[in-house]
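Work through these exercises with the structure in view. Try each task before you read its solution.

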Amino acid sequence: MKNNRLIKVFSNGLLNENPTFRLLLGMCPTLAITKAASSGLGMGLATTFVLVFSNMVVSLLRNIIPEKVRIPSFVVVIATFVTIIDLMIKAFLPALSSTLGIYIPLIVVNCIIFARAESFASKNPVLPSIADGLGMGLGFTLALVMLSSVREIIGTGCWFGMQIMPEGYQPMAIATSPSGGFIFLGLLLLVVNAFVQYTERRKAEKEEEIL
Amino acid sequence: MSNLLLIIVGGVLVNNFVMSQFLGICPFLGVSKKIETAFGMGMAVTFVMALASLITYFVQTYLLLPLNLEYMQTIAFILVIAMLVQVVEVALKKISTSLYQALGVYLPLITTNCAVLGVALLNVREGYNLVESVVNGISGALGFTLAIVLFASIRERLAVSNLPKWMNGFPGALITAGLMSLAFQGFSGLL
């Protein structure tokens, strides 16, 4: 019973309420660092790390933090973990650190993390909060990897730096340019919207048949 | 002097915060349905970004550097910005009620606008001095205002036009923004 709830909370973030596709939160990193699949993956995992730990700490402190100062407190908790991951990436993955640049410290102002702290972690016990952070974080990572894969393959013919398109493929530079970020995210949202509407219609039709 | 001019042209057109650096996308997509509100948001951001550039410069040079606390940069800056937004809100309420009513709703939103923290971090990274930092803050914010007002005027038209069903809402808005960003890319030869 308890495990079921954790799995439900976890998959909620991954699919039903995917932060990028369904809630449209955290758009700045989504657009800025999705030129290459590897930086999309790096950004997604860094955000997941911050989400899981900030959710955990906020949930542990939820009965101690007074209602009135909760927002500054959340900011301090989030900023602490962002600093930790920033220093860790600088030390162990200097190449990733130089591609992501100021977008790593900018995880602080990613609305997903704040939204989860405010709407989930501050009201729920520790384990569900961790599951929620993990689900939301991986959902965000999934979206970033999808978008950055599409952009990298179309824009350079490579995926994670490996050539996968045939020799004669002419890369379309627009996919990796800033405007490509907006256009391809729009197209991806369009596909997701169409898919959601299609499955909902199918579900409704099935229910009608049963009746 | 020419240095400052370069920063201004760079901030407003070439390295536009929204269109080429993707800072401040949330308000750009969120508060761009009407031209008036978009302009209000732009002005509020300009005000806060100029002040934030000024104060974070002092925090960085006179507090973090002498104490060797550069690794506290993120925490210090975000707290300064959050506090600044709060102070601006209280001060505006006392000084100018009309301006407060015009900007009021947008002020709290600015804390989570990554353009504000972004400009503070960029100023440090680029090693700008006090004047350059403030000019960079103001021109970046004016670039933001330009982009959001233009985008809002396109969206006002889009709202009354016949779009395919799936394009309604965000997909259509994002593709519009993409085409705008393509136009801004045309400025890249200026610098």
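**Exercise 1. A charged pair**

Are Asp132(A) and Arg116(A) buried or exposed? Find out how they are linked and where they sit.

Solution. Keep in mind that this is a predicted model.
Step 1. Use the cut-off: buried means under 20% relative accessible area. Asp132(A) is buried, and Arg116(A) is buried too.
Step 2. Look at the side chains. They meet in a salt bridge, with 3.0 Å from N to O.
Step 3. Place the partners. Asp132(A) belongs to helix H7 (residues 126-156) of chain A, and Arg116(A) to helix H6 of chain A, so the pair ties together parts that are 16 residues apart in sequence.

**Exercise 2. The helix around Arg116(A)**

How many residues of H6(A) are buried? Describe the start of this helix as well.

Solution.
Step 1. Count the buried positions. Eight of the eleven residues are buried, and H6(A) is mostly covered.
Step 2. Name some of them. Among them are Cys111(A), Ile112(A), Phe114(A), Arg116(A) and Phe120(A).
Step 3. Go to the start of H6(A). There, a side-chain oxygen of Asn110(A) comes to within 3.1 Å of the backbone nitrogen of Ile112(A).

**Exercise 3. More salt bridges**

How many salt bridges does the rule count over all chains? Compare the settings of two others, Arg70(A) with Glu118(A) and Asp86(A) with Lys90(A).

Solution.
Step 1. Recall the principle. Side chains of opposite charge can pair when their charged atoms come close.
Step 2. Take the total. The count over all chains is four.
Step 3. Examine Arg70(A) and Glu118(A). Their closest N and O atoms are 2.9 Å apart. This pair links distant parts of the chain: Arg70(A) is in helix H4 of chain A and Glu118(A) in helix H6 (residues 111-121) of chain A, 48 residues apart.
Step 4. Check exposure. Arg70(A) has a relative accessible area of 23%, so Arg70(A) is partly exposed. Glu118(A), with 26%, is also partly exposed.
Step 5. Turn to Asp86(A) and Lys90(A). Here the closest N and O atoms are 3.8 Å apart. Both residues lie in helix H4 of chain A, and because they are four residues apart, about one helical turn separates them.
Step 6. Add the general point. An α-helix has 3.6 residues a turn, so residues three or four places apart point the same way.
Step 7. Check exposure again. Asp86(A) is at 9% relative accessibility and therefore counts as buried. Lys90(A) is at 44% and counts as partly exposed.

**Exercise 4. Where the chains meet**

What kinds of residue make up the side of chain A that touches chain B? Start from the extent of the interface.

Solution.
Step 1. Count the contacts. On the chain A side, 34 residues are in contact with 37 residues of chain B.
Step 2. Take the area. About 3200 Å² is buried between the two chains, and carbon and sulfur atoms give 81% of that. In chain A, the residues that lose the most area to chain B are Ile102(A), Val109(A) and Phe182(A), together 21% of what that side buries.
Step 3. Search for polar links. The rule finds zero salt bridges across this interface. It finds three residue pairs in polar contact.
Step 4. Find the source of the residues. H8(A) gives the largest share of the touching side of chain A, twelve residues.
Step 5. Sort the residues by type. The touching side of chain A holds 26 nonpolar, eight polar and no charged residues.

**Exercise 5. Phe182(A) and the core**

Which residues have the most contacts inside the largest nonpolar core? Then trace the contacts of Phe182(A).

Solution.
Step 1. Take the core. The largest nonpolar core has 101 residues, and those with the most contacts inside it are Leu106(A), Phe182(A), Leu23(B), Ile25(B), Phe28(B), Ile110(B) and Leu117(B). Helix H4 (residues 73-95) of chain B supplies the largest share of this core, ten residues.
Step 2. Follow Phe182(A). Leaving aside neighbours within four places in sequence, Phe182(A) is in contact with residues including Leu31(A), Phe22(B), Ile25(B), Phe28(B) and Leu174(B).

Methods:
Residues numbered from 1 in each chain as written. Chains lettered and ligands numbered in written order. Predicted model: local features only at pLDDT ≥ 70, side-chain atom pairs only at ≥ 80, totals over all residues. Heavy atoms only, no water. Contact = heavy atoms within 4.5 Å. Buried area = accessible area lost by both parts, 1.4 Å probe. Salt bridge = Lys/Arg side-chain N within 4 Å of Asp/Glu carboxyl O. Polar contact = N/O pair within 3.5 Å; in protein donor to acceptor, adjacent residues only side chain to side chain. Helix = DSSP H or I, 4+ residues; strand = E, 2+ residues; numbered from the N terminus. Nonpolar A, V, L, I, M, F, W, Y, C, P; charged D, E, K, R; others polar. Buried < 20%, exposed > 50% of the residue type's maximum accessible area, 1.4 Å probe, protein only. Core = buried A, V, L, I, M, F, W, Y, C linked by side-chain atoms within 4.5 Å.
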